[in-house]
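Student: Could you take me through one part of this model in some detail? I would like to look at the salt bridges.

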Amino acid sequence: EDTVQRFLREIKLTSQLAKHRHLVHAYDAGASAGTHYLAMEYVEGIDLDRLVEQAGPLPVPQACDYLRQAALGLE
């Protein structure tokens with residue numbers, strides 16, 4: 001129950017975020033047949049974890065650019 005309440009609280013907060021090019025937009029959340037879900041914007045491409053897993057450590061300039069983009073989204 002605590003996990004579900006935390007999930008719902010995070011969804012509520014996510015829905016209040018302004019649209020920003022460095023944030024993925026959440027469209028809907030709820031429960032179906034006892035399973036909670038979050039419907040989010042589809043972003044084509046590879047996630048950072050998979051990129052590093054496949055290609056190894058990033059060059060410093062590329063890593064800095066990704067950190068900059070994350071910071072802009074958190075701003």
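Tutor: Happy to; here is a close look at the salt bridges and the helices that carry them. This is a predicted model, in which local features need pLDDT of at least 70, side-chain atom pairs count only at pLDDT 80 or more, and totals for chains, interfaces and linings use all residues. Residues are numbered from 1 along each chain as its sequence is written, and side-chain values use heavy atoms, with hydrogens and water left out.

A salt bridge here is a side-chain nitrogen of Lys or Arg within 4 Å of a carboxyl oxygen of Asp or Glu. By that rule there are two salt bridges.

Let's start with helix α1, residues 2-15, which holds both Arg 6 and Glu 10. (Helices are DSSP runs of H or I with at least four residues, numbered from the N terminus.) Glu 10 and Arg 6 sit four residues apart, about one turn of the helix, and their closest N and O atoms are 3.0 Å apart in the salt bridge. Arg 6 is exposed because its relative accessible area is 52%, while Glu 10, at 39%, counts as partly exposed. For these words, buried means under 20% relative accessible area, exposed over 50%, and partly exposed in between, using a 1.4 Å probe and protein chains only.

Now move to helix α3, residues 60-74, where Asp 65 and Arg 68 are three residues apart and so separated by about one helical turn. Their side chains meet in a salt bridge at 2.9 Å, N to O. Asp 65 is partly exposed, with a relative accessible area of 28%, and Arg 68 is partly exposed at 44%.

Key:
Helices (H or I, at least four residues) and strands (E, at least two) are DSSP runs, numbered from the N terminus.
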